[in-house]
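Colleague: I should be grateful for a close look at a single part of this chain, with its surroundings described in enough detail that I can follow them on the display.

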Amino acid sequence: MTTLVVGIGSDLRSDDRAGRLVAERLVALGLPQVRVRSVIQLTPELAVDVAAAGAVVFVDADPGVSEVTAREVAPAPAGSSAHHLTPAALLALASSLGSEPATAHLVSVPATDFGLGEDLSPIAAAGTDAAVDLITDHLRDGASLACS
């Protein structure tokens, strides 16, 4: 079963790049049966990749968490924008193509600084390390992702 990891964020907005940094580090590990995408935002075009995956892990910076969290995501209809989707809306779009992953999770990395810049805050840097460890353990050993 192929797992798709989607790192989300802007490389120009400090902590917002955490999801993409996690994706880059996972690519460097060369894990078998893992495809990685690094994107600025979730767009409808990703539905084809999501539909083809056996499992999906979305990774994004989140100012609402104080430590790395992971939760399951279920398909849900998109809101008013078809250009920027939530993980749930992207799953629903993938389902409309006739297939959807068996499991989907959102890993949230704590973030405090979304100003212009490339440096991560200490909490986002530590969260990036923790997210890589959490996802790697899950992919290598089947460890649970749901931690909140």
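Which residues does S14 touch, not counting residues up to four places away in sequence?

Modeller: S14 touches D113, G115, L116, G117, E118, D119 and L120, once residues up to four places away in sequence are set aside. Please note that this is a predicted model. S14 itself belongs to the loop between strand 1 (3-8) and helix 1 (18-29). With a relative accessible area of 3%, S14 is buried, as the cut-off for that term is under 20%. The backbone at S14 also deserves attention: its phi is near 45°, a positive value in a residue other than glycine. A positive phi in a non-glycine residue is found at Q33 too, where the angle is near 60°. Q33 is placed in the loop between helix 1 and strand 2.

T112 may be taken next. T112 lies in the loop between strand 5 and helix 4 (122-141). In contrast to the buried S14, T112 is exposed, with a relative accessible area of 58%. Leaving out residues up to four places away in sequence, T112 touches D15, S121 and I123. A distance may help to place T112 on the display: T112 and S95 are 17 residues apart in sequence, yet their C-alpha atoms are 34 Å apart in space.

From T112 one may turn back to strand 5, which covers residues 103-110. Seven of the eight residues of strand 5 are buried, so this strand is largely enclosed by the rest of the structure. Two strands pair with strand 5. Strand 3 (residues 55-62) pairs with strand 5 in the parallel sense, over eight bridges. Within this pairing, A61 has V109 of strand 5 as its bridge partner. Strand 4 (residues 69-72) is joined to strand 5 by four bridges, and these two strands run antiparallel. On that side, R71 stands opposite L106 of strand 5.

S108 offers a view of the surroundings of strand 5 from a single residue. S108 is located in strand 5 and is buried, with a relative accessible area of 7%. Apart from its neighbours within four places in sequence, S108 is in contact with D60, D62, V65, E67, V68 and T69.

Helix 3 (residues 87-96) also packs against strand 5, through buried residues of the helix. The buried residues of helix 3 are P87, A88, A89, L90, L91 and A94. Besides strand 5, they pack against helix 2 (47-52) and strand 3. A general point on helical geometry is useful here: an α-helix has 3.6 residues a turn, so residues three or four places apart point the same way. After helix 3 comes G98, whose phi is positive, near 105°.

T43 provides a further point of reference. T43 is found in the loop between strand 2 (34-39) and helix 2. Its relative accessible area is 21%, so T43 counts as partly exposed, the limit for buried being under 20%. T43 and V109 are separated by 66 residues in sequence and, C-alpha to C-alpha, by 21 Å in space.

It remains to set these parts within the whole chain. The chain has four helices and five strands, which run from the N terminus in the order β-α-β-α-β-β-α-β-α. The radius of gyration is 14 Å, close to the 15 Å given by the globule rule for 148 residues, so the chain is as compact as a globular protein of that length. Along the principal axes, the C-alpha atoms fill a box of roughly 40 × 40 × 25 Å. Of the 148 residues in the chain, 45% are buried. Among contacts between residues at least 6 apart in sequence, 77% join residues at least 24 apart.

The surface and the charges complete the description. The accessible surface of the chain comes to about 7200 Å², and 53% of it belongs to carbon and sulfur atoms. There are 8 positive and 18 negative side chains in the chain, and the centres of these two sets lie 5 Å apart.

Note on methods: Residues numbered from 1 in each chain as written. Predicted model: local features only at pLDDT ≥ 70, side-chain atom pairs only at ≥ 80, totals over all residues. Heavy atoms only, no water. Rg over C-alpha atoms; globule rule 2.2 N^0.38 Å. Buried < 20%, exposed > 50% of the residue type's maximum accessible area, 1.4 Å probe, protein only. Contact = heavy atoms within 4.5 Å. Areas by Shrake-Rupley, 256 points an atom, 1.4 Å probe, with all protein chains shown as cover. Lys, Arg positive; Asp, Glu negative; His and termini not counted. Charge placed at Lys NZ, Arg CZ, Asp CG, Glu CD. Pairing = 2+ DSSP bridges.
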